[in-house]
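Here is a short report on one protein model. Please look over the sequence and the structure before reading on.

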Amino acid sequence: MNEKHSKARQTAEKAFSKTRVETASRERAFQEVDTIDRARQMKTSRLREARLAREAVETARVEREGSGTRAPSPKTL
């Protein structure tokens, strides 16, 4: 600190500096959480699309077979 400033101003500047560092830290943490959340949402969307595509293929297969119901699983045969 500069000797020209009063003790009160030096204390205030230290407190302000500490607040700025804490705020920057908090913002980085929020950005990290947002990044993780966006990645999770994108993965969920991809998985949902894959599931819907699988279900569409299965539905088309069942309709093509004409049974209207799913074929029994190999475990029940």
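The report goes from the overall fold to the side-chain contacts along the helix.

**Overall fold**

The model is predicted. The protein contains 1 helix and 0 strands. Helix α1 covers residues 7-65, a run of 59 residues. From the first C-alpha to the last, helix α1 reaches 87 Å. That is close to the 87 Å expected at 1.5 Å a residue. Just after α1 comes Gly-66, with a positive phi of about 80 degrees.

**Surface**

How much of the protein is buried? Buried residues make up 3% of the 77 residues. The exposed surface of the protein comes to about 7,200 Å². Carbon and sulfur atoms supply 56% of that surface.

**The start of the helix**

Two residues deserve a look here. Arg-9 is part of helix α1. Its side chain makes a polar contact of 2.8 Å with the side chain of Glu-13. Arg-9 has a relative accessibility of 43%, so the residue counts as partly exposed.

Gln-10 also belongs to helix α1. Is Gln-10 buried or exposed? Gln-10 counts as buried, because its relative accessibility is 17% and the cut-off for buried is under 20%. A polar atom of the Gln-10 side chain lies 3.3 Å from the backbone oxygen of His-5.

**Salt bridges**

How many salt bridges does a search of the whole structure find? The search finds 5. Three of the pairs are listed here with their N to O distances.

| Acidic residue | Basic residue | N to O distance |
|---|---|---|
| Asp-37 | Arg-40 | 3.3 Å |
| Glu-55 | Arg-51 | 3.4 Å |
| Glu-65 | Arg-61 | 2.6 Å |

Start with Asp-37 and Arg-40. Their side chains meet in a salt bridge. Both residues lie in helix α1, 3 residues apart. That spacing is about one turn of the helix. Asp-37 is partly exposed, because its relative accessibility is 30% and the partly exposed class runs between the 20% and 50% cut-offs.

Next come Glu-55 and Arg-51. What separates these two residues along helix α1? Glu-55 and Arg-51 are 4 residues apart, so about one helical turn separates them. Their closest N and O atoms are 3.4 Å apart. Glu-55 has a relative accessible area of 35% and is therefore partly exposed. Arg-51 is at 35% relative accessibility, so Arg-51 counts as partly exposed.

**A network at the end of the helix**

Glu-65 and Arg-61 form another of the salt bridges. Their closest N and O atoms are 2.6 Å apart. The two residues are 4 residues apart in helix α1, so they are separated by about one helical turn. Glu-65 is partly exposed, at 47% relative accessibility. Arg-61 is at 23% relative accessibility, so Arg-61 counts as partly exposed.

Which residues do shared salt-bridge partners join into one network? The network consists of Glu-58, Arg-61 and Glu-65. Glu-58 lies in helix α1. A polar contact of 2.4 Å links the side chains of Glu-58 and Arg-61. Glu-58 has 22% relative accessibility and therefore counts as partly exposed.

**Summary**

The predicted model has 1 helix and 0 strands. Helix α1 has 59 residues, and Gly-66 takes a positive phi just after it. Buried residues make up 3% of the protein; Gln-10 is one that counts as buried. Salt bridges number 5 in the whole structure, and those with shared partners join Glu-58, Arg-61 and Glu-65.

Methods: Residues are numbered from 1 along each chain as its sequence is written. This is a predicted model: local features need pLDDT of at least 70, side-chain atom pairs count only at pLDDT 80 or more; totals for chains, interfaces and linings use all residues. Side-chain values use heavy atoms; hydrogens and water are left out. The expected span of a helix is 1.5 Å times one less than its number of residues. Buried means under 20% relative accessible area, exposed over 50%, partly exposed in between (1.4 Å probe, protein chains only). Accessible areas come from the Shrake-Rupley method with a 1.4 Å probe; for residues, only the protein chains shown count as cover. A polar contact is a pair of N or O atoms within 3.5 Å; within protein, one must be able to donate a hydrogen and the other to accept it, and residues adjacent in sequence count only if both atoms are side-chain atoms. A salt bridge is a side-chain nitrogen of Lys or Arg within 4 Å of a carboxyl oxygen of Asp or Glu.
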